[in-house]
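Work through these exercises with the structure open beside you. Try each task before reading its solution.

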Amino acid sequence: MEILSSYNLIIGASLIVVLSFFFNGISKKTNIPAVLMLIVLGILIKIGLEFFIPEIPDFKGSLEILGTVGLIMIVLEAALELELKKEKLWPILKSMAIALIGLVGSAYVAALILNQFIPNMTMQSAWLYATPLSILSSAIIIPSVGGLSEEKKEFHIYESTFSDIMGIMMFYFLTGKLNPAEDTGAVGFGINLVVTIVIALVASYAIILVFQRIKSQAKLFLLISVLLLLYAIGKKMHLSSLIIILVFGLIVKNVNLFFPGKTKIFLENERMQQIYHELHIVTLETAFVVRTFFFVIFGITIVLSSLLSVNVAIVSLLIIASIYIIRFLVLIVFVGKDMLPQLFIAPRGLITVLLFYAIPLEAQIEGFESGILLFVIIATSLVMTWAMIRDKRKMGTMLDEIDEEIAERNLAEDAIRQSENKELIEPKNDTPEQINPEDTI
């Protein structure tokens with residue numbers, strides 16, 4: 001029987017989605033990222049396939065496509081959650097600063113480590129390898145921080161989204177340095193950024209004005225197709241395409257802010273609300289499916305033997321240590337002492353893998369082992385898991401203490417009420433004695 005027949009592939013894909021659904025449920029109860037379970041599932045599938053197939057097909061092409069679509073859906077999903085208000089300007093700017101400093105600082109130290117320990121690794125190539133390892137994974141963070149306070153949850157959504165966008169921009173800025181003919185420098189990079197934002201605003205307004213007037217029910221995947229088209233065309237034009245997706249999501253979520261005063265006459269509020277809710281559901285579902293297959297396929301492509309290398313372990317541990325030291329220094333400046341569990345929520349994931357496979361051939365180093373990638377992804381995810389479980393227990397203890405205080409206060413109030421009721425019921429003998437008239441004679 002052909003193992004990779006069409007029906008077997010359908011059965012396998014369906015079972016993977018079903019298992020991913022259960023992994024999400026387990027993740028919510030245990031705080032173990034579903035991504036780790038999906039990677040392990042991919043490794044187990046690879047081991048199983050090796051018994052039946054002499055050579056496993058190369059999935060790297062599909063991994064790149066899934067990663068790109070997943071990245072778009074994740075950023076759009078995050079943007080649809082972000083509400084822009086004046087009072088949130090400082091948290092947004094603070095998150096952006098933390099993401100930028102953490103990204104550049106982590107990449108610099110990781111590049112030094114790679115340059116020192118990997119044979120034939122130039123500093124230019126080291127920066128390209130270090131950048132993916134320095135980007136936070138919104139694919140792991142956003143689904144995992146739902147149990148935190150609203151303030152901390154928003155911080156992580158902002159920070160991970162900015163880290164994704166700025167990390168990708170930094171990566172492609174560095175790849176441009178490989179070819180002096182295409183390198184436009186910092187000024188060209190700034191112009192590129194401004195052009196991207198202008199295109200994003202124009203395209204977003206045009207899409208909203210057109211799509212709110214489409215009466216057909218089957219229009220949401222048409223909308224997503226248009227966004228994918230804009231992203232791909234933007235990449236062909238060497239623009240920071242992810243900004244287009246972010247701006248569109250922010251405008252849809254905060255449509256009243258972007259259509260002020262008399263411009264509201266161009267909006268159909270009921271239609272826009274419907275588009276927002278339906279787009280939110282479709283984006284959530286699509287991101288779930290794409291993320292599922294991306295990490296399973298990544299698990300299939302992993303070379304487990306690379307994890308047994310001593311050099312891989314040393315380099316990975318040094319990079320991981322640098323990640324948390326730099327993060328601690330940044331958070332102590334911008335956040336203060338209340339940095340838990342934020343300090344340990346710094347997993348690497350989808351973007352790390354996606355950009356790793358996008359490193360140009362002229363910058364690739366044979367001595368770099370992919371086990372470093374897997375080691376860092378798994379270790380940072382496990383650290384985040386430990387921090388989330390610890391925070392959950394701490395929160396549970398605090399809630400128990402609050403419940404005890406409330407119970408004690410209620411008992412005290414009940415005792416006071418009982419004593420007051422008792423005094424009201426019992427007759428008081430404080431009326432003046434009646435005077436006998438005979439005593440006065």
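A nonpolar core is a set of buried Ala, Val, Leu, Ile, Met, Phe, Trp, Tyr and Cys residues joined through side-chain atoms within 4.5 Å. The model used here is predicted.

**Exercise 1.** Find how many residues the largest nonpolar core has, and which helix gives the largest share.

Solution. Start with the count: the largest nonpolar core has 126 residues. Next, pick out those with the most contacts inside this core: Ile-39, Leu-71, Leu-114, Phe-248, Phe-298, Ile-319 and Ile-372. Then look for the main contributor. Helix H12, residues 269-301, gives the largest share of the core, 14 residues.
Finish with Leu-71. Beyond four places in sequence, its contacts include Asp-164, Tyr-231 and Leu-350.

**Exercise 2.** Decide whether Ser-106 is buried or exposed.

Solution. First locate Ser-106: helix H4, residues 89-117, contains it. Now apply the cut-off. Buried means under 20% relative accessible area. Ser-106 is buried because its relative accessibility is 5%.
Then check its surroundings. A polar atom of the Ser-106 side chain lies 2.7 Å from the backbone oxygen of Gly-102. Leaving out residues up to four places away in sequence, Ser-106 touches Ser-134, Ile-323, Ile-326 and Arg-348.

**Exercise 3.** Trace the nonpolar patch on the surface and classify Val-187.

Solution. List the members: Val-187, Ile-191, Val-195, Ile-199, Leu-229, Ile-233 and Met-237. Together they have about 620 Å² of accessible area. Helices H8 (185-211) and H9 (220-236) each give two or more residues to the patch. H8 provides the largest share, four residues.
Val-187 lies in H8. Exposed means over 50% relative accessible area. Val-187 has 65%, so Val-187 is exposed.

Conventions. Residues numbered from 1 in each chain as written. Predicted model: local features only at pLDDT ≥ 70, side-chain atom pairs only at ≥ 80, totals over all residues. Heavy atoms only, no water. Buried < 20%, exposed > 50% of the residue type's maximum accessible area, 1.4 Å probe, protein only. Contact = heavy atoms within 4.5 Å. Patch = residues over 30% accessible without salt bridge, like charges linked within 9 Å, V, L, I, M, F, W, Y side chains within 5 Å. Areas by Shrake-Rupley, 256 points an atom, 1.4 Å probe, with all protein chains shown as cover. Salt bridge = Lys/Arg side-chain N within 4 Å of Asp/Glu carboxyl O. Polar contact = N/O pair within 3.5 Å; in protein donor to acceptor, adjacent residues only side chain to side chain.
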